[in-house]
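Open the model in your viewer and keep the sequence panel beside it. The tour below goes from one selection to the next and says what is found at each stop.

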Amino acid sequence: MEKKPFEPPLIKKLNAGMPAKFGLTPRIGVISEIEGLRVKDLLDEYGSPLYVLSERTIRSTYKQAWQAFSTRYPKVQFAWSYKTNYLGAVCNVFHQEGAWAEVVSGYEYHKALKNGVPPQYILFNGPSKTYEDLKEATEKGSFIHLDHFDELYMLMEVAEETGKKPKAAIRVNMDTGIYPRWDRFGFNYDNGEAWEAINRIMLSGKIELAGLHAHIGTYILTADAYRVAAGKLADLAVNTERKYGHVIRYIDLGGGFASKNTLKGAYVPGTDSAPSFDDYAEAITAALVNSAIKPEHLPLLILETGRALIDDAGYLLGTVIANKRLADGRRAMIADVGVNLLFTSFWYDHQIYPAQPVSQHTEDTTIYGPLCMNIDVLRAAVDYPLLKKGDRFVIKRVGAYNMTQWMQFIEYRPNVVMIDPQGKAHIVRKKENLDYLTAPEEVPDHLKNPGF
Ligand SMILES: *Cc1c(COP(=O)(O)O)cnc(C)c1O
């Protein structure tokens with residue numbers, strides 16, 4: 001038999017809407033308007049790129065979360081996690097809805113005060129509070145969540161110096177079945193450290209142990225982990241009351257609920273895999289009501305939900321700069337939005353929606369941002385239709401962490417607008433400019449002249 005010439009095998013994906021294991025591959029949708037405002041008009045008016053926030057979505061998401069918990073438990077309080085999005089307008093929407101403030105640094109603490117939050121409604125978390133921070137929070141009567149023994153001893157010194165009794169909680173970490181375990185924050189439950197911290201506080205008499213706190217991680221996809229955490233905090237509350245006759249005022253389960261974004265490498269989209277507020281609420285409140293805590297001493301349940309309350313309300317709008325071919329022939333699309341503005345693209349597969357009708361013919365495409373660095377990739381190897389130079393696009397679900405972790409690198413940070421419930425857009429953070437960025441710089445006299 002004649003030997004046939006060798007041809008290397010080639011696997012090529014068909015993208016004509018072929019069904020996969022999980023059903024039809026979704027056709028890429030088009031988002032041409034947000035809350036009734038056209039994407040094109042928004043970009044023409046406020047420039048590209050542009051962050052857009054929906055006040056209506058923030059409020060309706062908050063109401064859903066509130067309802068899930070308040071229908072299952074008599075005393076519920078949310079505290080807005082500042083680091084998730086600390087634009088003043090965003091924080092104040094949450095505060096108007098009834099949320100307290102949850103802060104993790106002196107900067108965030110002052111931001112909450114500046115936003116007009118009364119100090120007794122601020123929860124001060126974080127592993128790096130200074131002596132001055134502790135003193136100010138003690139004098140103003142905020143709740144201080146202790147992270148480690150050194151901080152506990154520092155707070156005892158503050159109590160002595162000020163003659164005031166700080167209101168504190170201890171942060172507790174524990175095995176909830178979620179790995180890797182977040183054991184760098186707080187006192188460990190399983191090895192007895194949390195109990196020891198409680199004993200030291202109670203025996204000192206200098207600090208009021210107001211609450212118990214746990215923040216078990218972020219993007220937690222199993223509601224059951226919260227059942228374990230709430231159960232362990234309830235045990236500590238019961239033991240504290242049994243030993244000291246002291247009633248714990250609140251149990252704070254932190255944040256960590258998953259938003260509907262899809263993690264890289266996930267099999268199913270986040271819209272299908274993320275538990276609902278009802279799932280989380282059921283797990284947490286069941287653990288509390290079934291605990292040995294006396295009914296008349298049922299603690300206030302605090303939640304510091306961040307991501308799940310704001311992600312859906314944020315959009316990032318941008319424009320295609322160019323298309324080109326990589327050395328191996330694959331298509332590359334260059335956008336004016338990169339990892340500088342979209343930090344979460346490091347772990348989410350963000351959906352990037354064209355803002356105008358596109359061909360259903362798709363091709364393996366890598367979407368790059370505008371930065372002069374190789375890691376500036378929004379999506380690697382995604383089946384994507386051709387968007388031409390100047391075409392607009394919308395990235396959905398970007399409200400959490402991006403407007404705090406964005407970096408000023410190479411490009412200015414853009415305008416942020418919020419669309420109010422009447423459909424009117426307001427700038428809530430102005431695009432940066434050269435004066436703003438160079439204001440803190442100092443150039444020594446002998447370097448004032450560039451020497452040309
Ligand atoms: C970041 C943080 C939150 C919010 O977490 P999400 O995962 O965004 O819900 C809440 N509490 C503390 C202590 C945090 O550090």
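Begin by colouring the two assigned domains of this predicted model. Their centres, taken over C-alpha atoms, are 37 Å apart. To make the selections, use 33–52 together with 312–434 for domain 1, and 125–305 for domain 2.

**The interface between the domains**

Next, show the residues where the two domains meet. Eight residues of domain 1 contact nine residues of domain 2. How much area do domain 1 and domain 2 bury between them? The figure is about 760 Å², with 44% of it on carbon and sulfur atoms. On the domain 1 side, select Tyr348, Asp349 and Arg397: these three supply 68% of the area that domain 1 buries against domain 2, more than any other three residues.

Keep Asp349 selected and add Lys264. The two form a salt bridge, with the closest N and O atoms 3.5 Å apart. One salt bridge is found across this interface. A search for polar contacts between domain 1 and domain 2 gives four residue pairs, both members at pLDDT 80 or more. Colouring by class, the side of domain 1 that touches domain 2 shows three nonpolar, two polar and three charged residues.

**Arg379**

Now move to Arg379, in strand 19, which covers residues 377–385. Is Arg379 buried or exposed? Its relative accessible area is 14%, so Arg379 counts as buried, the cut-off being under 20%. Show its side chain and the backbone of His350: a polar atom of the Arg379 side chain lies 2.7 Å from the backbone oxygen of His350. To see the surroundings, leave aside neighbours within four places in sequence and display the other contacts of Arg379. These are Asp349, His350, Gln351 and Ile352, along with Thr365, Thr366 and Ile367. Asp349 thus appears at two stops: it contacts Arg379, and it forms the salt bridge with Lys264.

**Thr130**

Select Thr130 next. This residue sits in the loop between strand 8 (122–124) and helix 5 (131–140). Thr130 has 39% relative accessibility and therefore counts as partly exposed. Add Met154 and draw a distance between the two C-alpha atoms. The viewer should give 8.9 Å, for residues 24 positions apart along the chain.

**Gly98**

Which elements flank the loop that holds Gly98? They are helix 3 (88–97) and strand 7 (100–103). Gly98 is partly exposed, because its relative accessibility of 37% falls between the limits of 20% and 50%. Outside the residues up to four places away in sequence, Gly98 touches Tyr62, Gln77 and Phe78. Of these contacts, take Gln77 for a distance: C-alpha to C-alpha, Gly98 and Gln77 are 8.0 Å apart in space, with their positions 21 residues apart in sequence.

**The whole chain**

Finally, clear the selections and zoom out. The C-alpha trace spans about 85 × 75 × 50 Å along its principal axes. Switch to a cartoon to see the secondary structure, which comes to 13 helices and 22 strands. Colouring by accessibility, 51% of the 452 residues count as buried. If you draw a contact map, look at the pairs with a separation of 6 or more: residues 24 or more positions apart account for 69% of those contacts.

Terms used. Residues numbered from 1 in each chain as written. Predicted model: local features only at pLDDT ≥ 70, side-chain atom pairs only at ≥ 80, totals over all residues. Heavy atoms only, no water. Domains from an automatic or database assignment. Contact = heavy atoms within 4.5 Å. Buried area = accessible area lost by both parts, 1.4 Å probe. Salt bridge = Lys/Arg side-chain N within 4 Å of Asp/Glu carboxyl O. Polar contact = N/O pair within 3.5 Å; in protein donor to acceptor, adjacent residues only side chain to side chain. Nonpolar A, V, L, I, M, F, W, Y, C, P; charged D, E, K, R; others polar. Helix = DSSP H or I, 4+ residues; strand = E, 2+ residues; numbered from the N terminus. Buried < 20%, exposed > 50% of the residue type's maximum accessible area, 1.4 Å probe, protein only.
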